[in-house]
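Me: I've got a model open and I'd like to learn how to read its pockets, cavities and helices. Can we go through them one at a time?

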Amino acid sequence: MIVEAKVREFICTTAHPIGCRENVRRQIAYIKERVQFHGKKKVLVIGASTGYGLASRITMAFGAGAATLGVMFEKEAAKKRTATPGWYNTKALEEFAKEEGLYAESLNGDAFSEEVKERVIEKIQKELGYVDLVIYSLAAPRRTTEEGITYHSVLKTCDKAFTEKSWNLRSNQISEATIAAASQEEIESTIKVMGGEDWYRWIQVLDRAGVLAKDAVTVAYSYIGPELTYPVYYHGTIGMAKKNLEEFAGRLNQEYGRNGLKAYISVNKALVTQASSAIPIVPLYFAILYKVMKQAGTHEGCIEQMGRLFGEKLFGGNCPVDSEGRIRMDDYEMEAVVQQKVMEIWNRVTTENLLELADVEGYWEDFYHMFGFRFENVDYTADVEI
Ligand code: NAI
């Protein structure tokens, strides 16, 4: 089939198998060339197929030579519908890893379910014996619990509706967008999906099954961002879920710390991923941030962020944390000069000067790359096996 990008606002409904492979290949090449370190050797990555989870997996496999077991929720191709990017990414990653003699196996299923947890434990028992690093990088729209209740995560504010400048990705216009206030039920629902309960459950079942190494490390990802986006993010429903995630990091350290477990929260940089491009108002912040950080020479993508997190911070012999015990991978993003410039541009940006003031091209480049499109060395006119 000849696969073309079909973009609808913040989602692309097709993915290019060869392009996704190229995306993975480039990230591997970066790690092999720039980030080599001694770290943990048997790694479970929950949410391993795209964005930060994929970059984490690549970093541990190709930077530290680790065996990786990935869990993801992706769709295979069916008739004329391509698979999701995470499906192609995972196939490619497994192939590249095997070429180098690295163990890389994956389990496609709902990570929230007990069934998938059991299957993962069985696989660890049979094939790895134990895991010594658990990376929790889920970004999910919903979660169905064992009791059969489905919770949805919503992106809303927590007190009153919030109106700010926004970039309409379809018309390329700057206008205003309003984000509605969530009900208490919606806040609680978002916490159920994106909070720490399921992370805690994973550690609990791995420990009970005796497959968690004594000195294991676990890390989950959070975001804070500037005051500008607080109503949408940090003080919004997703921010409440992230606070809950942080509380669970504390609980994991308290309850499993005496066994040697260390639980971390890494506050990562804002980046275009499938999860983040769906948040209103945020894409304009991204495009401006990219412009400012590229000019400052401090811009990073998922792979550079994860290379620095694992290679320099977590396993680099010195892991500085903030007053709340969090690893701050958003250090460059939050630099005062960077934020000051972002705010200056934010106040001035209009439909007319958008292309000049914001990195619109960089935003779309990341977006298309996520789905395997716009790589100059991939022939998009060729017939490909989907
Ligand atoms: P993403 O959408 O690229 O990746 C999500 C991953 O979760 C994929 O591997 C997907 O298959 C998997 N997944 C979703 N539902 C699942 C389920 N039910 N069972 C198994 N796997 C499932 O998202 P991204 O952006 O990489 O997010 C990962 C984490 O990083 C999230 O916690 C997010 O809040 C956090 N983060 C993201 C930032 C950003 O700007 N993108 C910034 C800071 C933190």
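Me: What is the volume of the second largest pocket?

Reply: Keep in mind that this is a predicted model. Rolling a probe the size of a water molecule over the atoms shows where empty space is left. Here, the second largest pocket comes out at about 590 Å³. Its lining has 24 residues, and those closest to the centre are N23, Q27, G301, C302 and D366.

Me: Which elements give two or more residues to that lining?

Reply: Four helices to look up: α1 (17-34), α2 (51-64), α9 (302-314) and α12. As for chemistry, the lining of this second largest pocket splits into 9 nonpolar, 10 polar and 5 charged residues.

Me: α12 shows up there. How many of its residues are buried?

Reply: Buried means under 20% relative accessible area. By that cut-off, 8 of the 11 residues of α12 qualify, so the helix is largely enclosed by the rest of the structure. The buried set is V360, G362, Y363, W364, F367, Y368, H369 and M370. Following α12 comes G372, with a positive phi near 85 degrees.

Me: Now α8. How does its reach fit the span expected for a helix?

Reply: An α-helix has 3.6 residues a turn, so residues three or four places apart point the same way. In this model, α8 covers residues 282-296, which is 15 residues. From first C-alpha to last it reaches 21 Å, close to the 21 Å expected at 1.5 Å a residue. Just after α8, G297 has a positive phi of about 75 degrees.

Me: Is α8 mostly covered or mostly open?

Reply: Mostly covered, with 11 of its 15 residues buried. V282, P283, L284, Y285, F286, A287, I288, L289 and Y290 are buried, and so are V292 and M293.

Me: What do those buried residues pack against?

Reply: Two strands and three helices: β9 (162-168) and β10 (173-179), plus α10 (336-348), α11 (354-357) and α12 (360-370). That brings α12 back into the picture, the helix that also contributes to the lining of the second largest pocket.

Me: And cavities? How many of 30 Å³ or more does a search of the whole structure find?

Reply: A cavity is a space where the probe fits but cannot get out. The search finds 1 of that size, and the largest cavity has a volume of about 50 Å³.

Me: Which residues line it?

Reply: The largest cavity is lined by D207, L212, A213, K214, Y256, N259 and L261. Strand β11 (residues 212-222) provides the largest share, 3 residues. By class, the lining of this cavity has 4 nonpolar, 1 polar and 2 charged residues.

Terms used:
Residues are numbered from 1 along each chain as its sequence is written. This is a predicted model: local features need pLDDT of at least 70, side-chain atom pairs count only at pLDDT 80 or more; totals for chains, interfaces and linings use all residues. Side-chain values use heavy atoms; hydrogens and water are left out. The expected span of a helix is 1.5 Å times one less than its number of residues. Buried means under 20% relative accessible area, exposed over 50%, partly exposed in between (1.4 Å probe, protein chains only). Contact means heavy atoms within 4.5 Å. On a 1 Å grid over the protein atoms alone, a cavity is a set of points where a 1.4 Å probe fits but cannot get out, and a pocket is an open set with protein on both sides within 12 Å along at least five of seven lines; lining residues have an atom within 4 Å of a point. Grid points are joined across faces, edges and corners, and a volume is the space filled by probe spheres set on the points. Ala, Val, Leu, Ile, Met, Phe, Trp, Tyr, Cys and Pro count as nonpolar, Asp, Glu, Lys and Arg as charged, and the others, Gly among them, as polar.
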